[in-house]
Amino acid sequence: MPHAALRLVDEIADRLAYPDTAPGATAATDWRRQSLGHGLPGIALLHVERAAAGLGPWDRAHAWLSAATREPLTSGPDSHPFYGAPALAHTLACAGDHLPGSYRAALDALDQQMAADARRRLAAAEQRMAAGQLPALAEFDAIRGLTGYGAYLLRRRPNCDTVRAILDYLVELTQPLDRHGETVPGWWTASGPSGRTDSRYPDGHANTGVAHGIGGVLAFLSLAAHRGTMAGGHREAIRSILAWLDRWRVDTARGPVWPYWVTLPALRTGHLPVGPQRPSWCYGTAGLARAQQLAGIALGDRTRQLAAENDLLSALTDPNQLGTTTDSGLCHGFAGLAHIAARAADDALPATTGQIRAVLPSILAAVHPPGSDAAAAATELLHTPEPDPGLLDGAAGIGLALLAPATSTPPRTSWDACLLIA
């Protein structure tokens, strides 16, 4: 089965070999040119990882990077970690790590731009807090906010003042707030989960997910602590988030689930029923279990780590949760589950590492069933009414996510750092 999945990756990469001939080539001419999640930088990332692993040529990665930079990139207030110059920075950094001297000038400039953007956002957050206002999701989350900037800078400049300032900010974010006489967590936002005002959420919500909520903050704080980059109150902040997750954990017969978000009525009653739901990266048990595993490792808490690994196992073997997963993508599909499982197994305690690896064949089979034709499967993935060959929902992300579980080898680049998985 691992070899079958790897053949699918090869077929995807061949069909996405060059921008001018790839399905969905119009992505080079619209907003997707600058999108890590849905466009060119994410497709380039697939070729960067394959080249670094010796599975493909570097010229494909260069071709996609060149296409992404044919016109100026968006920077400043209209950019974010998954769009514009920051999106290119992530992919370019992954390439630069394996091509010493290449892209050095561009990366230096992008590093400076990323740090400047982060400082501007930190200043805006400080003004917001001083005014007693609630944060927007885009202020702090992994996709658009300071957690995403922190993930990049932690890799590139882990000891810089900007990283420490981001950590200070995120520690502060875990402090409770008084909202009209009611105590809410510091990451409570006045919007709906989309980040926009929503009549279904008149009092806002507290987002739990890794992509847009406190799950991503937990993962970043844990990764930084594990690497020795700490702020005052850092461990206490990690424990505070873990306590919040413990509070909203719903135990089922097949393992725990967490609500995607908590509303004010639920906060008042302390009760929020949760039925079977996707155990995905963006929202769901798999992403949160990985974040809690990282927290256990960072704190040296083997009990917490083991519990998180067992929670992941439960999610990956629960027919009810798996039954709600309806696609193969990285963000909320089976390929993402396979990658999270492979990453978690690499770090797992002896009691669970073998068990997690044992579920990988069945997860891989959900993406590419045994006996399936890899060429036909790749064609089907890339020829849809609205093709999205990108990272989060498309074929490039599926290819990237399958590499580690299919080869039993951790990624050669830090391509998944943008997801706070490692």
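## Around Leu 16

Which residues does Leu 16 touch, not counting residues up to four places away in sequence? In this predicted model, the neighbours of Leu 16 are Ala 22, Pro 23, Ile 43, His 47, Trp 64, Leu 382, Pro 389, Ala 395 and Ala 396.

Leu 16 also has a place in the largest nonpolar core, a set of 134 residues. Leu 16, Ile 166, Trp 244, Trp 281, Leu 402 and Leu 419 are the residues with the most contacts inside this core. Helix H9 gives the most to the core, contributing nine residues.

## Helix H8 and its cover

Ile 166 takes us to helix H8, where it is one of the buried residues. H8 runs over residues 161-173, and its 13 residues reach 18 Å from the first C-alpha to the last, close to the 18 Å expected at 1.5 Å a residue. Along with Ile 166, the buried residues of H8 are Thr 162, Val 163, Leu 167, Tyr 169, Leu 170, Val 171 and Leu 173. Their cover includes helices H5 (104-130), H6 (137-140), H7 (146-156), H9 (214-226) and H10 (234-248).

## Helix H5

H5 is part of the cover of H8, and H8 in turn helps to cover the buried residues of H5, as do helix H4 (85-96), H6 and H7. The 27 residues of H5 should span 39 Å at 1.5 Å a residue, and the end C-alpha atoms are indeed 39 Å apart.

The buried residues of H5 include Leu 107, Leu 110, Met 114 and Leu 122, but also Asp 111, Asp 117, Arg 121 and Arg 128. Just after the helix, Gly 132 takes a positive phi of about 75°.

## Aromatic pairs

Six aromatic pairs turn up in a search of the whole structure. In one of them, the rings of Trp 187 and Trp 244 have centres 5.4 Å apart and planes at 85°, so this pair is edge-to-face. Trp 187 sits in the loop between strand S2 (182-184) and strand S3 (205-207), while Trp 244 belongs to helix H10, so the pair ties together parts 57 residues apart in sequence. Trp 187 counts as buried at 2% relative accessibility, and Trp 244 counts as buried at 8%.

The rings of Tyr 260 and Tyr 283 have their centres 5.2 Å apart and their planes at 35°, so that pair is tilted. It links distant parts of the chain, 23 residues apart: Tyr 260 lies in the loop between strands S5 (255-257) and S6 (261-263), and Tyr 283 in the loop between helices H11 (264-269) and H12 (285-299). Both tyrosines, Tyr 260 and Tyr 283, are buried, and they form one aromatic cluster with Tyr 201 and Trp 261.

Conventions. Residues numbered from 1 in each chain as written. Predicted model: local features only at pLDDT ≥ 70, side-chain atom pairs only at ≥ 80, totals over all residues. Heavy atoms only, no water. Helix = DSSP H or I, 4+ residues; strand = E, 2+ residues; numbered from the N terminus. Expected span 1.5 Å × (residues − 1). Buried < 20%, exposed > 50% of the residue type's maximum accessible area, 1.4 Å probe, protein only. Contact = heavy atoms within 4.5 Å. Phe/Tyr/Trp six-rings, centres within 6.5 Å; stacked < 30°, edge-to-face > 60°. Core = buried A, V, L, I, M, F, W, Y, C linked by side-chain atoms within 4.5 Å.
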